[in-house]
Amino acid sequence: MEFVLSTENLTKQYRDFKALDRLSMHVEKGAIYGFVGRNGAGKTTLIRIICALQRPTSGAYALYGRTHTEKDIALSRRRMGAIVETPSIYLDLTAEENLRAQYRVLGRPSFEGIGALLELVGLGGTGKKKARNFSLGMRQRLGIAVALAGDPDFLVLDEPVNGLDPQGIVEIRELILKLNREHQITVLISSHILDELSRLATHYGFIDSGRLVKEISAKELEAACRKRMHLEVSDVRALARVLDGRNIEYTVISDHEADVFGQWNVTEMTMALAKESCDVKTITERDEGLEGYYINLLGGGRHE
Ligand SMILES: Nc1ncnc2c1ncn2[C@@H]1O[C@H](COP(=O)(O)OP(=O)(O)OP(=O)(O)O)[C@@H](O)[C@H]1O
């Protein structure tokens, strides 16, 4: 498996406070990696470190297989574009002027491609309008265009939809999906807006107090979050016999609890269980989604 970014026991310490605590994460090539954690969990710290804006206290990270201490790490970093905290744009300049400025910073030999880049982020028609008069969503898309100016194949976005209105959120989502699917750009997005992230991410890393609590693919997460009925019964073995007899999928959780998948008739099931002298105490529907998964995970739920 090819990783665009991997970190190993990455630690950032401020006096006796660890903003990152032996964090090991892996962003696969082609992924949209959702980096999830509450405020202060350490997301921005990780992003600042991989962008070389801060140094780790210990541990290592690698970009495109090059460890950060290698001499030519700059070559890997050139393949990366990022928005850290707020987009780096000049409000007194137009979208095109902003991109020209960035092309100069990068030492690109010509301004070729600026028009196409503006079209790509949906700012093709903004003409003489200064960034100051853009909506927040437009500014964010201009920030993404600036991050794309070096033609990266790894894009890092720190809270890209924070503060945007619903329309702005949809535009950023569509742009990210387009960059990933049509331009093969791997994306790392930090966010605590889980509903939005769940529409995009192919992989997740959950961070809490500087530690990576779990790394999981969207497919694995979906399987873990499948809609199910949670049954509390007097005898889980009897329940298993009844379910086996009907070819119904289930997971036993304890002597008295099981999660049951698929479609089945509650009355018929309760009667069958009664014949086996098994009482049904509770039946609850569970369909937790990303948010429920996250809360369960941090609350110590069973997801291993
Ligand atoms: N220079 C610093 N000195 C001391 N503590 C710091 C410093 N910079 C960050 N921290 C602390 O490190 C922790 C992680 O901060 P970080 O900005 O990485 O969190 P975050 O997950 O990005 O949260 P947010 O979503 O609020 O940006 C926070 O508790 C923060 O107060």
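In this predicted model, four strands build an open sheet whose order is S13-S14-S12-S15, with antiparallel pairing. Its edges are formed by strand S13 (250-254) and strand S15 (280-286), each of which pairs on one side only. Averaged over the sheet and with direction ignored, neighbouring strands are turned by 20 degrees against each other. Looking at one pairing in detail, strand S12 (residues 228-233) and S15 run antiparallel and are joined by six bridges. Within this pairing, Val233 has Val280 of S15 as its bridge partner. Helix H9 packs on the sheet, where it touches S12, S13 and strand S14 (257-260). The direction of H9 makes about 20 degrees with that of S14.

H9 also has a helical neighbour. Two packed helices are described by the angle between their axes and the distance between the axes. For helix H9 (residues 236-245) and helix H10 (residues 266-275), the packing angle is about 125 degrees and the axes lie 10 Å apart. H9 and H10 are therefore oblique to each other, and their crossing is right-handed. On the H9 side, the contact involves Ala238, Leu239 and Val242, which meet Met269, Ala272 and Leu273 in H10. By class, the residues of this contact comprise six nonpolar, no polar and no charged.

A second sheet can be followed in the same way. Six strands make up this open sheet, in the order S7-S8-S9-S4-S10-S11, and their pairing is mixed. Strand S7 (80-83) and strand S11 (211-217) stand at the edges with a single partner strand each, so one side of each has no neighbour in the sheet. From one strand to the next, the twist averages 15 degrees. At one of these edges, S7 runs parallel to strand S8 (residues 154-158), and four bridges join the two. Here Ile83 is found opposite Leu157 in S8. Helix H1 packs on this sheet and touches strand S4 (32-36), S7, S8, strand S9 (186-191) and strand S10 (203-208). Its direction makes about 145 degrees with that of S8.

H1 brings the description to the ligand. The residues around the ligand are Tyr14, Phe17, Ala19, Gly37, Asn39, Gly40, Ala41, Gly42, Lys43, Thr44 and Thr45. Helix H1 (43-50) and strand S2 (17-23) each supply at least two residues of this shell. H1 gives the largest share, with three residues. In terms of residue class, the shell around the ligand holds four nonpolar, six polar and one charged.

The other contributor, S2, belongs to a hairpin. Strands of a sheet pair through backbone hydrogen bonds, either parallel or antiparallel. In this hairpin, strand S1 (residues 3-14) pairs with S2 in the antiparallel sense, over four bridges. One of the paired positions is Lys12, whose bridge partner in S2 is Leu20. Two residues lie between the strands of the hairpin, and Arg15 takes a positive phi near 45 degrees there.

How values were computed. Residues are numbered from 1 along each chain as its sequence is written. This is a predicted model: local features need pLDDT of at least 70, side-chain atom pairs count only at pLDDT 80 or more; totals for chains, interfaces and linings use all residues. Axes are lines fitted to C-alpha atoms, for helices over the stretch in contact, and angles run from 0 to 180 degrees between N-to-C directions. Angles under 35 degrees count as roughly parallel, over 145 as roughly antiparallel, 65 to 115 as roughly perpendicular and the rest as oblique. A crossing is left-handed if the near helix is turned anticlockwise from the far one by less than a right angle, and right-handed if clockwise. Two residues are in contact if their C-beta atoms, placed from the backbone, lie within 7 Å. Ala, Val, Leu, Ile, Met, Phe, Trp, Tyr, Cys and Pro count as nonpolar, Asp, Glu, Lys and Arg as charged, and the others, Gly among them, as polar. A residue is near a molecule or strand if its C-beta atom, placed from the backbone, lies within 6 Å of it. Two strands pair if DSSP finds at least two bridges between them.
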